[in-house]
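Good morning, colleagues. Please look at the model on the screen while I take you through its main features.

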Amino acid sequence: SETDPATLGIADPGALLADDGGVNALLAAATDPADAGETRVGDTVVRQVSARIPAAAVARFLTAADDSG
């Protein structure tokens, strides 16, 4: 069965993959990056990075986002 993304609070899942304004826009809006350590994903060790992303940038993708901060 199909799920309507709006019922999950997602505006347009395809927008995250857009060349202009997708994930790259979220990364560009990120501030205060910090090393969050390493973790293992299967056989691969990956480095994690944490950052703050303004609510307005996230709200473009998640209709349920709190745009107050």
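**Surface, fold and salt bridges**

Let me begin at the surface, where L16, L17, V23 and L27 make a nonpolar patch of about 400 Å². A patch here consists of residues with over 30% relative accessible area and no salt bridge, with like charges joined within 9 Å and nonpolar side chains (Val, Leu, Ile, Met, Phe, Trp, Tyr) joined within 5 Å. Accessible areas follow the Shrake-Rupley method with a 1.4 Å probe, and for residues only the protein chains shown count as cover.

Two remarks on the basis of this talk. The model is predicted, with local features requiring pLDDT of at least 70 and side-chain atom pairs counting only at pLDDT 80 or more, while totals for chains, interfaces and linings use all residues. Residues are numbered from 1 along each chain as its sequence is written, and side-chain values use heavy atoms, leaving out hydrogens and water.

Of the patch residues, L16 lies in the segment before α1 (23-29). With a relative accessible area of 32%, L16 is partly exposed. To be precise about these words, buried means under 20% relative accessible area, exposed means over 50%, and partly exposed lies in between (1.4 Å probe, protein chains only).

I turn to the chain as a whole. Its secondary structure comprises two helices and two strands, in the order α-β-β-α from the N terminus on. Helices (H or I, at least four residues) and strands (E, at least two) are DSSP runs, numbered from the N terminus. The chain has 69 residues, of which 10% count as buried. Its accessible surface comes to about 5300 Å², and carbon and sulfur atoms hold 53% of that. Among contacts with a separation of 6 or more, 35% are between residues 24 or more positions apart; a contact means heavy atoms within 4.5 Å.

Next, the strands. β1 and β2 run antiparallel and are joined by seven bridges, where pairing requires that DSSP find at least two bridges between two strands. The hairpin they form has two residues between the strands, and G42 takes a positive phi near 65 degrees there. One residue of β1, D35, has V49 as its bridge partner in β2. V45 is also found in strand β2. At 43% relative accessibility, V45 is partly exposed, and it touches E38, T39 and R40, residues up to four places away in sequence not being counted.

How many salt bridges does a search of the whole structure find? The search finds two, a salt bridge being a side-chain nitrogen of Lys or Arg within 4 Å of a carboxyl oxygen of Asp or Glu. In one, the side chains of R47 and D35 meet at 2.8 Å, N to O. This pair links distant parts of the chain, with R47 in strand β2 (residues 44-52) and D35 in strand β1 (residues 31-41), 12 residues apart. R47 also meets E38, at 2.9 Å, N to O. Together, D35, E38 and R47 form a network of salt bridges. As general background, side chains of opposite charge can pair when their charged atoms come close. Within the network, R47 is partly exposed at 48%, whereas D35 counts as exposed at 54% relative accessibility. E38 likewise counts as exposed, at 56%.

Finally, consider A25 in helix α1. A25 is partly exposed, with a relative accessible area of 30%. A25 and V58 are 33 residues apart in sequence, and their C-alpha atoms are 9.7 Å apart in space.
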